[in-house]
Amino acid sequence: MSRVAATAVRGTRDVLPPESSSWQWAEGIARRLCAQYHFQEIRTPIFEGLEVFQRGIGETTDIVEKEMYVFQDRSERWLALRPEGTAGVVRAFLEHGLPAGPLPVKFFYLGPMFRYERPQAGRYRQFEQFGVEAFGSESPALDVEIISLGTAFLEALGISGWQVQLNTIGCPVCRPRYRQRLLELLRPRADQLCASCQSRLERNPLRVLDCKEESCRRVTADVPAPEEYLCSECAAHWQAVQEGLRAVGILYQVTPRLVRGLDYYTRTVFELIAPGLGSQDAVLAGGRYDGLVEEMGGPAVPGIGFAAGMDRLLLSLEQGGQGRAAEPELDVFVARAGDVPETAALQVVQELRKQGWRVDQDYLGRSLKAQLKAADRAGAQLTLVLGEAEWAQGQVVVRTMATGEQETVNRAVLTQAVTTRLQRTA
Ligand code: HAM
């Protein structure tokens, strides 16, 4: 019989041990930091009605125009796999009536996102994000806290050499003036822009600013920064965010070209960039979206958040040789030698697991030597040898793997003996 499929779908991948333990570790750090910053977990569905993303992310964005996995279900309803987390979180925030409850509401999420992009190192069609979204406050202090949480995450992971890039893109009051100015400056030189910038120039001229093409960079080299066109409220917010960042000692680089590729942003936008990842160097990105809740049919509630690309972060650690040293994942291995009943091992294993220890045993009837090798490979601290002669006398041999030291212990006090030895090595 032929096999069903030889490989995972292009742009998707499997995470196997020991890499999966790095994922657990990184997710654990995200959860711990969220508890410290008082963000609570939200889990939204992996697919939503298509309109959630069309309305939320914006019809003219790359994501909605060409990157979504869109499909019809059996009742012919149009759905899409989530390409990002924010739109679905806003949908849930509204659906559960949270704007009327106590604010701010601070959520975090971890999970897969899907975009039909050209796969390359650090860019996948299914990728994992750790994201946070906070609703209900326009205070610049919240912008600072969100950026602080992002930088704390990178620090706790041990990423080195990262940089915070920061910009403001104003609000619906001041952005049209900036947009107009950009159009005036770029229209006469439109023929020098790359094809995709030419096509989006009229719809979204700001996006031309962060195009990576050399020709577009030349054209936009001397255009004014959005900062120069801010209304007084946005200017005050922008100053306050920077003051706040300085007050808590977060270094940042004002990056006038940073405009972000999603339509919902207002005022603060930022990206955390890590070295060594080539063109896919944004490991965490976000900003304010003060108009999004209203845009999606709710009241005027401001919001801000970010999402970190977990695949990229782990890749960055691996490439910098900063990968986490694998930790032993097993405390005790139970081996049998000679004619000791299988149920004896089952009972010992069960008893130790009940004490909370991580325990495994041999299921393959291997030689004692092979079992000890397996125990070593699994990183077990102790191996219990249930030998025929000892077992008959109600005894078990306890071997400390690091030293090779062996002791014979009475079966009746085995749990206690194991606990004492493991606590000593912990
Ligand atoms: P985004 O910039 O589209 O923003 O994605 C955030 C991060 O997700 C990126 O910086 C990158 O690390 C990672 N990422 C994006 N696409 C891929 C991919 N194809 N493969 C691997 N990693 C990827 C958002 O998604 C916004 N929802 C962030 C946000 C939350 N803004 C406010 N709240």
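**Note on the predicted model**

1. The buried residues of α14 pack against three strands: β12 (332-337), β14 (382-387) and β15 (395-400). This is a predicted model, and the points below should be read with that in mind.

2. Which residues of α14 are buried? In this helix, residues 368-377, they are Q371, L372, A374 and A375. These residues lie on the same side of α14, because they cover an arc of only 160° around the axis. The other side of the helix carries exposed residues: K369, K373, D376 and R377. Just after α14 comes G379, with a positive phi of about 80°.

3. The domain assignment splits the protein chain into two parts. Domain 1 takes in 19-174 + 230-319, and domain 2 covers 330-421. Their C-alpha centres are 49 Å apart. Helix α14, at residues 368-377, falls within the bounds of domain 2, 330-421.

4. Next, the second largest pocket. Its volume is about 520 Å³. The lining has 28 residues, and those closest to the pocket centre are R175, L262, D263, Y264 and Y265. Four elements give two or more residues to this lining: α2 (50-57), α6 (175-186), α8 (206-209) and α11 (292-295). Of these, α2 gives the most, with four residues. What is the chemical make-up of the lining of the second largest pocket? Eleven residues are nonpolar, eight are polar and nine are charged.

5. Closed spaces come next. How many cavities of 30 Å³ or more are there? The count is two. The largest cavity holds about 40 Å³ of space. Lining this cavity are T60, T61, D62, R200, N204, R207 and G261. No nonpolar residue is in that lining; four residues are polar and three are charged.

6. The second largest cavity has a volume of about 30 Å³. Its lining is made up of I169, G170, C174, R175, Y178, P226, Y229 and L230. Here six residues are nonpolar, one is polar and one is charged. Note R175: this residue lines the second largest cavity, and R175 is also among the residues closest to the centre of the second largest pocket.

7. Now the backbone. Most residues other than glycine have a negative phi, and most peptide bonds are trans. Two cis bonds deserve a check. The bond from P17 to P18 is cis, with omega near 5°. P18 sits in the segment before α1 (19-36). A cis peptide bond also joins L103 and P104, with omega about 0°. P104 belongs to the loop between α4 (86-95) and β5 (105-114).

8. Two residues that are not glycine also call for a look. E76 has a positive phi of about 65°. E76 is placed in the loop between β3 (70-72) and β4 (78-81). R260 has a positive phi of about 70°, and R260 lies in the loop between β8 (253-254) and β9 (266-273).

9. Are E76 and R260 buried or exposed? E76 has 60% relative accessibility, so E76 counts as exposed. R260 has 12% relative accessibility, so R260 counts as buried. The cut-offs are over 50% for exposed and under 20% for buried.

Key:
Residues are numbered from 1 along each chain as its sequence is written. This is a predicted model: local features need pLDDT of at least 70, side-chain atom pairs count only at pLDDT 80 or more; totals for chains, interfaces and linings use all residues. Side-chain values use heavy atoms; hydrogens and water are left out. Buried means under 20% relative accessible area, exposed over 50%, partly exposed in between (1.4 Å probe, protein chains only). The arc is that of the directions from the helix axis to the C-beta atoms. Contact means heavy atoms within 4.5 Å. On a 1 Å grid over the protein atoms alone, a cavity is a set of points where a 1.4 Å probe fits but cannot get out, and a pocket is an open set with protein on both sides within 12 Å along at least five of seven lines; lining residues have an atom within 4 Å of a point. Grid points are joined across faces, edges and corners, and a volume is the space filled by probe spheres set on the points. Ala, Val, Leu, Ile, Met, Phe, Trp, Tyr, Cys and Pro count as nonpolar, Asp, Glu, Lys and Arg as charged, and the others, Gly among them, as polar. Domain bounds come from an automatic or database domain assignment.
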